[in-house]
Amino acid sequence: MAKNIIKNILSIVTLLTAFFVFTLDISASDDYTRLAGNNRLDTAIQISQYGWPDGLITAERAVILARADNPADALSSASLAGAKDAPILLTYPNYLSPEVLAEIKRLKADKVYLLGGTGAIKEAVETALINEGLNVVRINGANRFETAALINEAAGSSLKTRAIIANGFTVADAISASTDAAINEIPIYLTRKNNLPIKLPVNIRSVDIYGGTGVISEEVVKQLEAEGISVNRVSGKSRYETNIAALNKLNKVTIDNMIIVRGTSVNTEKEDYPDAVAASGLANKKNAMVILTHPNYTPGVTKDFINEYYWQGQSTFVLGGKVAIANQVLRDAGFYVSDYKTIEEIEARWAKFKPTFSGNKYVELPQVSAPYKAGKLHEKYLTDAVKLTNFIRFLADLPDDVYHDAAMSEEAQHGAVLLDAINKLTHYPQKPADMSQEFYDIGYSATTSSNIAQGFNDISPTVIAYMDDFGLNNVEAVGHRRWILNPPMQKIGFGISGHFSAMKIIDRSRSRQFNFDYTAWPNQGAFPTQLFTYGEPWSVTLNGSKYSTPDLQSVTVTVTRLSDNQKWFLDAADNTINEGGEYFNVNNQGYGLPNCIIFRPGTQNDISNNEKFEVEITGIKYKDGSPATITYTIELFELFELEGYE
């Protein structure tokens with residue numbers, strides 16, 4: 001219902017968007033690699049295969065084997081993995097899985113370091129390894145504290161003058177220490193909260209304690225200082241802050257890559273971090289820092305760190321599947337995630353972004369005659385408009401962290417008042433005789449750098465109308481849509497006066513370059529009909545750093561309705577602008593980004609709720625000139641809560 005009302009209103013609405021020529025230099029640096037298997041053993045194997053694709057190359061040819069369901073003995077293995085250039089594989093306590101054995105053989109290993117006693121990993125596992133002709137070195141002490149010390153001896157890291165101490169019962173801080181330990185071969189010793197149960201080697205003169213006093217008390221500090229050892233505590237208010245504090249200690253200029261791991265236990269009843277304990281071998285191999293995250297969202301401190309220290313040419317590895325680390329975590333962290341979104345995922349994101357403000361949108365009313373006043377919109381009203389914009393960008397696989405900029409909204413408000421005063425929609429308004437030059441200049445700056453509209457007295461429906469872009473004046477370029485879906489955009493502002501509005505949208509201030517393949521509207525996967533329905537043009541904008549500029553005469557789009565296999569073939573022959581019929585165009589102007597393929601498969605009767613469509617685009621080329629094809633599937637559904645826009 002809401003969408004139909006918007007469509008009816010749009011018959012008297014006019015939209016205009018600004019055109020600017022921009023070039024965008026986006027490298028493939030934001031790509032990430034997710035290393036995930038069907039289970040924890042398989043994920044460790046995937047990590048090993050990625051890090052050591054040609055097998056082991058050291059003279060020792062060693063692998064590390066730790067118990068899969070209890071990370072205690074693996075906590076101190078980072079320096080061993082670094083010293084031996086060894087992957088960390090996991091095993092069940094009672095038997096050696098054929099898949100793990102096959103990976104050991106693929107690696108051409110000669111030696112296996114078996115972590116823990118027979119209470120942790122049974123003799124049957126050791127016997128199976130020996131029967132394969134492998135040299136098995138079991139490292140075990142009377143408890144996890146002694147085992148950690150023995151692991152450091154085997155690594156040779158016990159000879160260092162600096163050591164790391166982490167709580168032996170809380171895993172997260174030890175994982176935070178693994179970057180330093182693996183890359184710099186620094187030993188990790190385990191402790192109880194109030195007592196260090198072992199004596200450190202006499203050569204160790206400084207210690208980094210990981211975690212606050214809640215996990216390692218000042219009693220341990222006193223115990224160390226009594227031995228003449230200097231102590232530095234690495235901690236934060238949360239495990240994520242501790243992790244970032246640890247990474248900030250490193251010389252990040254010398255570290256090439258990132259590894260993102262789950263920072264919470266997969267088991268609510270015990271500490272269990274299967275993917276993370278296998279990270280340190282890869283950290284050494286790829287010279288990468290290990291970053292902790294929540295499984296369902298990116299903590300603010302983590303996101304800030306990634307954005308601040310991300311550099312060109314860097315690779316990012318995500319350990320574990322989407323249950324371990326959800327795709328939304330990566331989106332929150334600024335990575336491009338092109339994935340088939342489910343209805344449930346979209347409903348969950350809408351619950352976060354749906355508008356909540358009710359009341360008078362104005363804090364200060366605008367004045368459209370002398371003395372002119374821009375007026376001011378309520379902050380919560382503006383927040384709702386930003387949230388809707390971010391929901392739209394989420395659907396398009398773009399960063400959905402755009403924020404409201406007060407200065408941009410002030411300028412947009414001046415622009416809306418200027419348009420309202422002359423009662424005309426134009427990017428280049430004439431100055432009213434009774435308007436001050438200062439007011440006019442601010443308003444003119446807004447109208448020439450904004451999406452502008454006439455016919456709505458509310459912002460949110462206007463944003464949806466910009467995305468529709470189906471009018472005869474808009475279908476050729478879908479410029480409003482492309483500005484909203486502009487990857488480098490980081491901030492926006494809004495203004496409204498009477499039935500005129502301005503969306504100050506031309507912004508390229510995102511500090512971190514965003515890698516993507518293409519942006520599609522409607523996008524692949526589930527897609528709400530309230531944001532896309534009959535009569536609207538479809539569009540795909542190509543990343544110019546990956547694809548050559550598309551040519552109208554070469555590109556062909558095939559849309560297939562999967563319910564009855566009805567096909568629409570669209571190409572340059574369909575380039576005549578019309579009202580709701582088949583249409584095709586390639587627009588390479590700089591509305592946000594160039595390289596936009598625009599198409600419309602048919603009349604309003606051809607598209608309905610719950611339909612699935614497959615889109616295939618041919619006749620495009622990669623940057624190197626080789627042919628490319630884009631194929632994706634759309635499933636339309638009704639997101640009922642959007643009825644609130646009526």
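# Questions on a predicted three-domain chain

Reader: In helix H18, which residues are buried?
Author: This model is predicted, and helix H18 covers residues 459-468. Ten of its ten residues are buried, so the helix is largely enclosed by the rest of the structure. The buried residues of H18 are Ile459, Ser460, Pro461, Thr462, Val463, Ile464, Ala465, Tyr466, Met467 and Asp468.

Reader: Which residue just after H18 takes a positive phi, and of about how many degrees?
Author: Most residues other than glycine have a negative phi. Against that background, the residue to look at just after H18 is Asp469, with a phi of about 50 degrees.

Reader: Is strand S3 largely enclosed or left open, and how many of its six residues are buried?
Author: Strand S3 takes in residues 62-67, and a residue counts as buried when its relative accessible area is under 20%. The strand is largely enclosed by the rest of the structure because the buried residues among its six number five.

Reader: Which strands are joined to S3 by four bridges, and do they run parallel or antiparallel?
Author: Four bridges join S3 to strand S5, residues 111-115, and within that pairing Val63 has Val112 as its bridge partner. Four bridges also join S3 to strand S4, residues 88-91, where Ala66 stands opposite Leu90. The strands in question are therefore S5, which runs parallel to S3, and S4, which also runs parallel to S3.

Reader: Is Lys108 buried or exposed, and what is its relative accessibility?
Author: Lys108 lies in the loop between helix H4 (98-106) and S5, and its phi is positive, about 60 degrees, although it is not a glycine. Exposed means over 50% relative accessible area. Lys108 therefore counts as exposed, with a relative accessibility of 51%.

Reader: Asn287 also has a positive phi; is the residue buried or exposed, and at what relative accessibility?
Author: Phi of Asn287 is near 50 degrees, and the residue lies in the loop between helix H11 (279-285) and strand S12 (288-293). With the cut-off for buried set at under 20%, Asn287 counts as buried, at a relative accessibility of 18%.

Reader: Which residue pair is joined by a cis peptide bond with omega of about -5 degrees?
Author: Most peptide bonds are trans. The proline of this cis pair has its place in the loop between strand S14 (362-364) and strand S15 (376-377). The pair joined by the bond is Ala370 and Pro371.

Reader: What is omega for the peptide bond from Trp521 to Pro522?
Author: Pro522 lies in the loop between strand S20 (518-521) and S21. The bond that leads to Pro522 from Trp521 is cis, with omega near 0 degrees.

Reader: How far apart are the C-alpha atoms of Thr529 and Ala181?
Author: Thr529 lies in the loop between strand S21 (525-528) and strand S22 (538-542), and Thr529 is buried, with a relative accessible area of 9%. Along the chain, Thr529 and Ala181 are 348 residues apart. Their C-alpha atoms are separated by 52 Å.

Reader: How far apart do the C-alpha centres of domain 1 and domain 3 lie?
Author: The chain is divided into domain 1 (32-337), domain 2 (351-504) and domain 3 (518-637). Its C-alpha atoms fill a box of roughly 85 × 55 × 40 Å along the principal axes. Between the C-alpha centres of domain 1 and domain 3, the distance is 46 Å.

Notes
Residues numbered from 1 in each chain as written. Predicted model: local features only at pLDDT ≥ 70, side-chain atom pairs only at ≥ 80, totals over all residues. Heavy atoms only, no water. Domains from an automatic or database assignment. Helix = DSSP H or I, 4+ residues; strand = E, 2+ residues; numbered from the N terminus. Buried < 20%, exposed > 50% of the residue type's maximum accessible area, 1.4 Å probe, protein only. Pairing = 2+ DSSP bridges.
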